[in-house]
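Work through the exercises below with the sequence and the structure at hand. Try each task before reading its solution.

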Amino acid sequence: MGLKLRRLWRQLGERGAWAQGVAILVVVALVGGVAVAAIAASGGGGGSGGGSAVPVRRTGPVPASTDGVTDTAVTVVFPVIDLSAAGQAVGLQGLSDEKDAPGIRTYVNQLNDAGGIQGRMIDARIEKFNPLDPAEMRAKCKDWTTSGEVFAVVDTGKWYDDQQLCITEEGGLPLISSWTTITDWTERGAPYLWWTGPDQADVLRNLVPWGIDHDLLGPDKKFAIIAGDRAGDALAVKKYLLPALKKAGLKPTLVDTITANLEDPSTARSQAQSAVNRLVDEGVQTVIPLLPVNSFQLYLAASKAQKYAPKLVLSDYESTITNALGLAEFIFPDQLSGQLGPTVYTLSSEDDDRPANGLSGTGYTPEAKACWETWNIGRTKVDYIEAQGPTMRWCDAVKVLTTALDLAGPNLNRRTFIDALGRIEDLPTALTPTLTFGPDDHAGPNQYRTVSPTRNGTTAETNVCPPRRPTADDDNPLHGSCWILIEDWKPLETG
C-alpha cells in the first residue's frame, strides 16, 4: 500500500502546478480503509510549444546585461518548495520520497566538477519558498530581478502563475520553467519566459485531429466540453479549442463548466452533478475534460454515481492524462481505465521505476537512464529515482540551462543567453523525447504519443501491464496500474 500511495502522490501532486491563486485542496479518498490525501492543483498547464500560430510579443531588444555573471561564475536561482511551511499549512508532509535540493546539487556539481560551462562554474542559489504565500514569492522575485546578483531562474513547475510574469514581464530576467498555460502567457513574458512543458493552446489544437483519428470526435458523435471556470479556461475554450473544432466542421453538443474554486467544493459538487445530468440527457458519447484535478475528481464522482462512463479525451491540459492513472487505480476504474489521451511526456516507456531488466522490456529511456547513472555516481548502494519525479525533472532543467549557456559562448550576457535558448533544437531529455525552441517558439515539446491509463489485474492472468522490478518494500512484480502505449511519437498538429 505504501508504494501505491506514493504513486498517487506523484500522479496528482508532482506534475506541475501549485495552482493559479495557489489554494490547495485536500481530496480524501478511502483506499482499503486508508485515507489518501492528494494535492489538487488548479493552475493552467501548457506552454508555447513547437509550432504555435501566435507569435511571441516583442518589446524591444534584450539588454546585454551581465548581472550575475563574472569571468568564473554565473549565478542561477533554483526555487524549491519549503515543505515544512507549505505542507504543514494543509496537513501534508511532501509529495514524493525525493527532495529537490539533492537533485539540483547532483547535476550542477557534475558540470562544475567537469570544468563548468565555457570556463564558468554555476553558482546555484537554492531558494526555499512557500507557494501558499504569494507576497513572499513576489518579494523573492523582486529581490532576484533588482539585486543585480542573479542571471537567471530555473524551475521545475512550482514557480507558477503571475509570479512567472513578475520575473519575466516585470523583471526582464530569464526564467526556464515547466509550469505552463496558454500561448498568451509567453507573449506577456517574452522574450524571457521559456517552458519545458507543452503550450495548452497547442495541446488543444492537437486534440481535434487526434480525436477525429481515434473516432472520439466527428459529425456523427455527440461530444461535450467540460471546463473549469477560470479566465484562462474560458480563453482556452473560446480562443483555441472551439475555433479548432469549427475548422474541422465540428460543434459540441454541450459546453459546460465546473468551478475550479478550491474554497467552494459544495458548488463544484453541485455543478458536477448538474453537468453529468445534462450529459446523460443529451446522450453525449465523448467528453473533453479541461478540468483541474479537484473539479475532475468531482466530475468523475458524479459520473460514477450515475454509472455514466462516456469516452474521454484526456490530455496534458491540467494533466488529466497523468492524473487519470492514480484515479483509475484507486477510485474510478470504470470511468478511466482504458481511456485514451495524447501526451508529450514519456509516459508508458518510463512507467517502470528502474532501467529495463529481465522482467520488463520497458524502463528508463536512454536519456532518463543517463540521469539515473549520474545520480548514482559515488553511491555505495544503487538508488533509483522516479521516472517523472523531482530528481529527473532537475536533470532536464539543468540540461536546458547548460545547453543554452554553452550555445551563448564565452561572451555571456542576457541577450546572448536568450538568443541561445531560441536556437536549442532536438535536445534529448528525460521527461519528453526532445525539446525544440525558436525565437518565437518558447515551449519545447513538439511531439506526442498516445497512451491509455489502465487499471491492472490483481493476478498474473489478468495482468495487462509490463512487469516491474520488485522493490525493497514490495516484492510484487505487477503494476497496480500503468500507461499502455497505443501509438508512438508523432508531431503535434497545431495549425
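**Exercise 1.** Is K221 buried, partly exposed or exposed?

*Solution.* The model is a predicted one, and the answer rests on its computed relative accessible area. Step one is to recall that buried means under 20% and exposed means over 50%, with partly exposed in between. Step two is to take the value for K221, which is 21%, so that K221 counts as partly exposed. Step three is to look at the salt-bridge partner of K221, since the side chains of D215 and K221 meet at 3.6 Å, N to O. D215 has 49% relative accessibility and therefore also counts as partly exposed.

**Exercise 2.** Find which residues form salt bridges with R230, and decide whether these partners are buried or exposed.

*Solution.* Begin with D233, whose side chain meets that of R230 in a salt bridge of 2.7 Å, N to O. Both R230 and D233 are buried. Continue with E318, which forms a salt bridge with R230 in which the closest N and O atoms are 2.8 Å apart. This pair links distant parts of the chain, because R230 lies in the loop between strand 8 and helix 8 (231-247), while E318 lies in the loop between strand 11 and helix 11, 88 residues apart. Then check the accessibility: R230 has a relative accessible area of 11% and E318 one of 7%, so each of them falls under the 20% cut-off and is buried. Elsewhere, salt bridges that share partners join R125, E127, K140, D143 and E149 into one network. The count for the model comes to 19 salt bridges.

**Exercise 3.** Describe how strand 10 (residues 286-290) is placed, and state which strands it pairs with.

*Solution.* First consider burial: five of the five residues of strand 10 are buried, so the strand is largely enclosed by the rest of the structure. Next consider the directions of the side chains, where T286, I288 and L290 point one way while V287 and P289 point the other way, and all are buried. Then turn to the pairing, in which five bridges join strand 10 to strand 8 (residues 223-228), the two running parallel; one of the partner pairs is A224 with V287. Strand 10 is also joined to strand 11 (residues 311-312) by two bridges, again in a parallel arrangement, and here T286 has K311 as its bridge partner. Finally, follow the chain from strand 10 through helix 10 (residues 293-305) to strand 11, a β-α-β crossover that is right-handed.

**Exercise 4.** Work out in which order the strands of the open sheet containing strand 12 stand, and which helices lie against this sheet.

*Solution.* Start with the order, which is 12-15-16, three strands whose pairing is antiparallel. Strand 12 (341-343) and strand 16 (481-491) stand at the edges with a single partner strand each, so one side of each is left without a neighbour in the sheet. From one strand to the next the twist averages 35°. Now examine one pairing in detail: strand 12 and strand 15 (residues 447-455) pair over three bridges, and G341 has V451 in strand 15 as its bridge partner. Helix 7 (residues 200-213) packs on the sheet and touches strand 12, strand 15 and strand 16, its direction making about 135° with that of strand 12. Last, helix 11 (residues 320-330) lies across strand 12, strand 15 and strand 16, and runs at about 10° to strand 15.

Technical notes: Residues are numbered from 1 along each chain as its sequence is written. This is a predicted model: local features need pLDDT of at least 70, side-chain atom pairs count only at pLDDT 80 or more; totals for chains, interfaces and linings use all residues. Side-chain values use heavy atoms; hydrogens and water are left out. Two strands pair if DSSP finds at least two bridges between them. Helices (H or I, at least four residues) and strands (E, at least two) are DSSP runs, numbered from the N terminus. Axes are lines fitted to C-alpha atoms, for helices over the stretch in contact, and angles run from 0 to 180 degrees between N-to-C directions. Contact means heavy atoms within 4.5 Å. Buried means under 20% relative accessible area, exposed over 50%, partly exposed in between (1.4 Å probe, protein chains only). A crossover is right-handed if, with the strands pointing away from the viewer, the path from the first strand over the helix to the second runs clockwise. A salt bridge is a side-chain nitrogen of Lys or Arg within 4 Å of a carboxyl oxygen of Asp or Glu.
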